[in-house]
Amino acid sequence: MFCMKYISTRGQSPALSFSEILLGGLAPDGGLYLPEQYPHFSQNELNAMRSMNYRDLAFTILSRLVDDIPATDLRTIVDKTYRADVYAYARSGQDAEDITPTLKLEDDLYLLSLSNGPTLAFKDMAMQLLGNLFEYVLAQKGETTNILGATSGDTGSAAEYAMRGKKGVKVFMLSPHQKMSRFQTAQMFSLQDDNIFNIAVKGVFDDCQDIVKAASNDHAFKAKNKIGAVNSINWARVAAQVVYYFKGYFAVTTDNAQKVSFAVPSGNFGNVCAGHIARMMGLPIAKLVVATNENDVLDEFFKTGVYRPRGSANTYHTSSPSMDISKASNFERFVFDLVGRDAAKMRELWGKVDTGGSFDLNEGGWFAKVADYGFVSGSSNHANRMQTIKATHERYGVTIDTHTADGLKVAQEQREAGVPMLVLETALPAKFEDAIVEALGHKPERPQSLDGLESLPQRFEVMEADAEAIKQFIVDHI
Ligand SMILES: Cc1ncc(COP(=O)(O)O)c(C=O)c1O
Ligand SMILES: N[C@@H](CCOP(=O)(O)O)C(=O)O
């Protein structure tokens, strides 16, 4: 019987079990949780996983990361989550039972469809599981939680759809005022459930995320008001996202000697961090391609070794708005591994980041080791997105959204002969109708059930980017 413990990247919090860290976000020392050691799948285990359906694969992987929920209960939670009727928006010709079907564009180039869930973005893959895990753990402990989250457009709706009506859960979701697409805004703000509170913050996503972290670092406030997290600072979010890298790999290979690459539209680094963890668990990955939009802090790091988060004034509002992020939370998880899990080094580096500074990992020779982890990067801009959406439609008859277009553009630059490249489809085009009309001259398809979404009445508060005022709002509404 192994015992999986989670440790903080900053090294000054006690090691805890999965259920103990499930509801929270940051560790008490301000760091992020990671497994003390990554579990590793042997070749025989990978062979056995090759023919598994999504639910079996999810259970097999998650049970190596979660050892304090009885296996029969975890199995029930997984089976309840990954159902074809939950991930029902598969393209015609795709099998919804696959949960994350692959779509071949041409030889060795695929889309990995992650956005067939209720809110049409990849966030549903983990958030639906989180909703069911939260319900289970809260019932076991007889507790309640008040979730405080930040969204640039997709985490918010995925969390609200996963948590609406759930007993013992309230959701307070911060979003950048007037910076999400019309569809994204309507998807969140039209929810009228009593347990959902949408707060439009006058600022950018990073301001919202900073407020979430400030509340999480106020230990007395967090404990008194039972503050929970659903952003990818929450380990369970990342853990759930590991599964579809395995699913995608097995879908396009026949033998574990083969490697594949994944191109990942990136902002907060949660999605590609899950790819990194899949690789650490033994998945044969050639490259992890980090694709950014004009907010290219991550691309700058992977090209130069310098991590230089930017302030609100230098964070651009783009046509792939969910990636308008200049301070990537989960990057800390990768750097922890990169610097040999040296927590003192992490405190030194994030001491600079948390006070508005930057760091250069050429110092100490750490940047030279990035290649060992398979990371490469690139960026794209509005003109690239329009061109990629148009070319993909003309060449393959497939409409992709603006974020997936960022991924595909950079994927094309990083392809290698004989190595399948999977581009993660992180949202469906219906969420970004105006951009699709600009690129193609016509609207994208949208599920009939979502017709008229933008005309529904909306309920939200507009607030300044003021952590104390937002904390008071929460106190007044719980
Ligand atoms: C549609 C879409 N694509 C890509 C991203 C970037 O993913 P990550 O923040 O995990 O890097 C996001 C938001 O995070 C998103 O909503
Ligand atoms: N793009 C995200 C930003 C939050 O990312 P998360 O993965 O940390 O929740 C969004 O759509 O809200």
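Let me begin with a strand pair: strand 10, residues 285–292, and strand 13 run parallel and are joined by five bridges. Within that pairing, V289 sits opposite V376 of strand 13. Keep in mind throughout that this is a predicted model.

Stay with strand 13 for a moment. How many of its five residues are buried? Five of the five, across residues 375–379, so the strand is largely enclosed by the rest of the structure. In general, side chains in a regular strand alternate between the two faces of the sheet. For strand 13, one side carries F375, S377 and S379, and the other carries V376 and G378. Both faces are covered, since the residues on either side are all buried.

Now the overall picture. The protein has 18 helices and 15 strands. Its radius of gyration is 21 Å, close to the 23 Å from the globule rule for 478 residues, so the protein is as compact as a globular protein of that length. The C-alpha trace spans about 55 × 55 × 50 Å along the principal axes. Of the 478 residues, 52% are buried. On contacts: taking those with a separation of 6 or more, 74% are between residues 24 or more positions apart.

Next, an open sheet. Five strands take part, in the order 8-5-6-7-15, and the pairing is parallel. Strand 8, at 227–228, and strand 15, at 461–464, are the edge strands; each has a single partner, so one side of each is left without a neighbour in the sheet. At the strand 8 end, strand 5, residues 145–150, is the parallel partner, held by two bridges. There, N146 stands opposite I227 of strand 8.

There is also a hairpin. Strand 3, residues 102–106, pairs with strand 4, residues 109–113, in the antiparallel sense over four bridges. T102 has L112 in strand 4 as its bridge partner. Two residues separate the strands, and D108 in that turn has a positive phi of about 65°.

Following the chain on from strand 4, we come to a loop that leads to helix 5, and L120 is located in that loop. L120 also has a positive phi, near 65°, and is not a glycine. Is L120 buried or exposed? L120 is buried, with 25 other C-beta atoms within 10 Å; the threshold for that label is 20 or more.

A second residue to look at in the same way is F269. Phi of F269 is near 70°, again a positive value in a residue other than glycine. F269 belongs to the loop between strand 9, at 260–265, and helix 11, at 270–280. F269 is buried, with 26 other C-beta atoms within 10 Å.

Now to what the record says. UniProt, in an unreviewed entry, places a feature called "domain: Tryptophan synthase beta chain-like PALP" at residues 105–343. In the model, that span is 42% helix and 19% strand, and its end C-alpha atoms lie 43 Å apart.

The unreviewed UniProt entry also carries the annotation "modified residue: N6-(pyridoxal phosphate)lysine", and it covers K123. Where is K123 found? K123 is in helix 5, which covers residues 123–141. K123 is buried, with 33 other C-beta atoms within 10 Å. Leaving aside residues up to four places away in sequence, K123 touches D154, T155 and A158.

Two of those contacts take us to the ligands. Ligand 2 has 13 residues around it, and T151, D154, T155, N231 and S232 come nearest. What is the make-up of that shell in nonpolar, polar and charged residues? The shell of ligand 2 has no nonpolar residues, 12 polar ones and one charged.

Ligand 1 has 16 residues around it, and those that come nearest are D154, N268, G270, S322 and T426. The shell of ligand 1 contains five nonpolar residues, 10 polar and one charged.

To tie the ends together, D154 is among the nearest residues of ligand 1, is among the nearest residues of ligand 2, and is one of the contacts of K123. That is where I will stop.

Methods: Residues numbered from 1 in each chain as written. Chains lettered and ligands numbered in written order. Predicted model: local features only at pLDDT ≥ 70, side-chain atom pairs only at ≥ 80, totals over all residues. Near = placed C-beta within 6 Å. Nonpolar A, V, L, I, M, F, W, Y, C, P; charged D, E, K, R; others polar. Buried ≥ 20, exposed ≤ 12 C-beta atoms within 10 Å, placed from the backbone. Pairing = 2+ DSSP bridges. UniProt positions renumbered as here; feature names shortened; annotations may be inferred. Contact = placed C-beta atoms within 7 Å. Rg over C-alpha atoms; globule rule 2.2 N^0.38 Å.
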